[in-house]
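Student: I should like a close look at a single part of this structure, namely the helix packing within one chain. Please set that part in its wider context as well.

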Amino acid sequence: MSQTLVTPDATVEKAEAASMRTERIVELVQRQGALAVLGIVIVVGLFAYDNFRSFDNAGTVLVSAAPAALIALGMTFVIISGGIDLSVGSLYVLGGVLAAWASQYGVVAAFAAPLVVCGLFGLVQGLVIAYARLAPFIVTLAGLLGARGLMLALSGEGRTTYLVDAGAFKDFGKGELLGVKYAVYLVAVLLVIGMVALYRTRFGQSVYALGGSEDAARLMGVRIRGTQIRVYVLSGLLAGLAGAINAARLGSGVTVLGTGMELDAIAAVVIGGTLLTGGAGTLGGTIAGVLLLQVIQNLINQDGGVTSAWQTVISGAFIALVVVAQTYLAKLRRVASG
Amino acid sequence: MTAPAVSKPGEKSRGLDAATVRRLLPAYGVYVALAVLVLFNIVYTDNFLAWNNFRIQLVQVTPVVIVALGMALVIGTEGIDLSVGSVMALGAALIPLYLGYGMVPALLLAVLGGVFVGLVNGSLVAFVGLQPIVATLAMLVAGRGVALVLSDGKYKDIRDKDFLAIGTDAFLDVPYTVWIAAVLAVIVGFVIRRTVFGRRLLAIGDNRAAAQLAGVPVKRVLITVYVIAAVLAAIAGVIQVSRIGSADASRIGLLIELSAITAVVVGGTPLTGGKIRVLGTVAGAFLMQLLTATMIANNLKDSTAQMVQAVIILVAVYTARERRTR
């Protein structure tokens, strides 16, 4: 009698332990999946390509990833809150043009101009989303057009390219500490601030709550509109800043870049494990996603045999692969946790 | 809400009160806007009523209309298809490669290219359960890459007279391409209103879980919808090639997904699915086309034109928004 009872009990326990283990592994992989793949890709790169190994190359990867990282940082907040921001690519270009133009008035102006204009642009989008209750997709799609129009208006229909004046702003773009460009440190600092804001503040918790369930968040006393507006302002500010640091690096406000930048940012965020449905996600994952896309790009460049056309095929396939894997892992977790 | 909803039968047809306007605006706002724009042009734009001008507008709007028809179907299922521009490029890139075997094989292959992308999109959405925006984002990136690989990244001129005739010749003074778009619009409208497939599509957009429980083959319908959208995009790509006489995979269909989504949304189709306005979509495409043309004809700069477009989109969507029932 006792034996017959013990056996199923033990089996159940064992099965439970196993399912819990699976759950933990799956959760870890889903959270840190981008990081794991990044590690694998880097290791492969280290063995396969001599030039990839150099310190200079690591610096190149980091500095090219800097603007994308800033945009993706803002996008992570937006997506966790259950929204989306398609305007960041245009705001990025607008920020670059503004910074290059304003650099004649000094380094403070060069940073202030894009931050103020793009921040205000984000504010308007946030207000429309929060008060007119239009879908973020549509509002920021209109924002994409509007910001591009503004950029064209400022740059003489795209024909004028403002050069960055020799001065502190240009020095910021060129300067480096311990072999790493200033921009990378700036991104690192902002990332830490972003993490504190997202994980340790009331605002961060409101963002998660809003994305999880707007109705529940409202019942909990979260200020829905305030949170929504702040998220889009943040995204606009970071996109403008990304444009500014890119202008400082290139020495001019290039008007033709930035098309599709919003999609790259969304891809990085999604690869980083943030769900587009909102309510869940991490900044660490986003940064891993940004670096992953950048490292792959770098590796493809190392291999001279791959044309730019194949590059886009590979990145597209890669996005699909990572996202499909994540979806299956999420399903597995749901099954494992019953 | 405050006034009791009681009205005598005789009053119904008399006048326009605020409530009626609010009810009708989502459905017919786009036509009003279009009419206003046409009137403005008749008064202020020279030669606006010339058939030649009208013909140019028709020809230019054709690719957007065709792509937007597919987009409307996808949006009707509460999805979105960002890959349409890349599919246009893919269809365009396939044409010069196979035109040597004759026009029909080339056209078939271009359409097959669309079917392939649509199958991938649809499978990612239906079987894997990816969000449409992510699935089609991957195909947006990869699709144009494939088109560039196929065309070797080169701009290709086309000299096949029969093929070019699609883009240049006309029937009853209306270009073939416009006829094609019109026929496709009628077919899509018929499919949505009069077929089981259309009903199922809308049911999925309305409430996917309920549709599943009601026995709708959700996955099959979703895949079919994405295949149709991609095939329409490929057709638009082919038409574009036949009109300009060359295939440039890096430029064809660039950002058309945004124009198509705009046309659909401005036309009164909600992004939340469950309802499709085909005629509204066509009118939406015309509205945006005419808006650009008007601004160019009246010497507004490109920058101003884009900002005005942004405002128009917002206003149109704001007036067309459905009341939240939640």
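Tutor: What follows treats the helix packing of chain A, and then turns to the core and to the contact between the chains.

The model is a predicted one, and every value below is computed from it. Chain A contains 13 helices and two strands. Of its 338 residues, 50% are buried. If one takes the contacts in chain A between residues at least 6 apart in sequence, 79% of them join residues at least 24 apart.

The pair formed by helix 4 (residues 107-132) and helix 5 (residues 136-154) of chain A is a suitable place to begin. Their axes lie 10 Å apart, and the two helices pack at an angle of about 150 degrees. Angles over 145 degrees count as roughly antiparallel, and helix 4 of chain A and helix 5 of chain A are therefore roughly antiparallel to each other. Their crossing is right-handed. On the side of helix 4 of chain A, the residues that meet helix 5 are Phe121(A), Gln125(A), Val128(A) and Ile129(A). Helix 5 of chain A answers with Pro136(A), Val139(A), Thr140(A), Gly143(A) and Ala147(A). By class, this contact comprises six nonpolar residues, three polar ones and no charged ones.

Ile129(A) also leads to another helix, since it is among the contacts of Gln228(A). Gln228(A) belongs to helix 10 (residues 224-250) of chain A. Is Gln228(A) buried or exposed? With 25 other C-beta atoms within 10 Å, Gln228(A) is buried, because the cut-off for a buried residue is 20 or more. Leaving aside neighbours within four places in sequence, Gln228(A) is in contact with Ser81(A), Gly126(A), Ile129(A), Ala130(A) and Leu210(A). By contrast, a separation of 23 Å lies between the C-alpha atoms of Gln228(A) and Leu94(A), which are 134 residues apart along the chain.

A second pair in chain A consists of helix 11 (residues 261-271) and helix 12 (residues 283-302), whose axes come within 7 Å and cross at roughly 120 degrees. That angle makes helix 11 of chain A oblique to helix 12 of chain A. The crossing is right-handed. Helix 11 of chain A contributes Asp264(A), Ala267(A), Ala268(A), Val269(A) and Ile271(A), while helix 12 of chain A contributes Thr286(A), Gly289(A), Val290(A), Leu292(A) and Leu293(A). The residues of this contact divide into seven nonpolar, two polar and one charged.

As to the wider context, the largest nonpolar core has 201 residues. Those with the most contacts inside this core are Ile71(A), Val67(B), Ala68(B), Met71(B) and Ala229(B). Helix 10 (residues 218-244) of chain B supplies the largest share of the core, 18 residues. Ala68(B) touches Ala260(B), Ala263(B), Val264(B), Thr281(B) and Ala285(B), residues up to four places away in sequence not being counted.

Between the chains, 36 residues of chain B are in contact with 36 residues of chain A. Helix 4 (103-128), helix 5 (132-150), helix 11 (256-266) and helix 13 (302-320) of chain B each supply at least two residues of the side that touches chain A. The largest share of that side, 13 residues, comes from helix 5 of chain B. The residues on the side of chain B that touches chain A comprise 24 nonpolar, eight polar and four charged.

Note on methods
Residues numbered from 1 in each chain as written. Chains lettered and ligands numbered in written order. Predicted model: local features only at pLDDT ≥ 70, side-chain atom pairs only at ≥ 80, totals over all residues. Core = buried A, V, L, I, M, F, W, Y, C linked by C-beta atoms within 7 Å. Buried ≥ 20, exposed ≤ 12 C-beta atoms within 10 Å, placed from the backbone. Helix = DSSP H or I, 4+ residues; strand = E, 2+ residues; numbered from the N terminus. Contact = placed C-beta atoms within 7 Å. Nonpolar A, V, L, I, M, F, W, Y, C, P; charged D, E, K, R; others polar. Axes fitted to C-alpha atoms, helices over the stretch in contact; angles between N-to-C directions. Parallel < 35°, antiparallel > 145°, perpendicular 65-115°, else oblique. Left-handed = near helix turned anticlockwise from the far one by under 90°.
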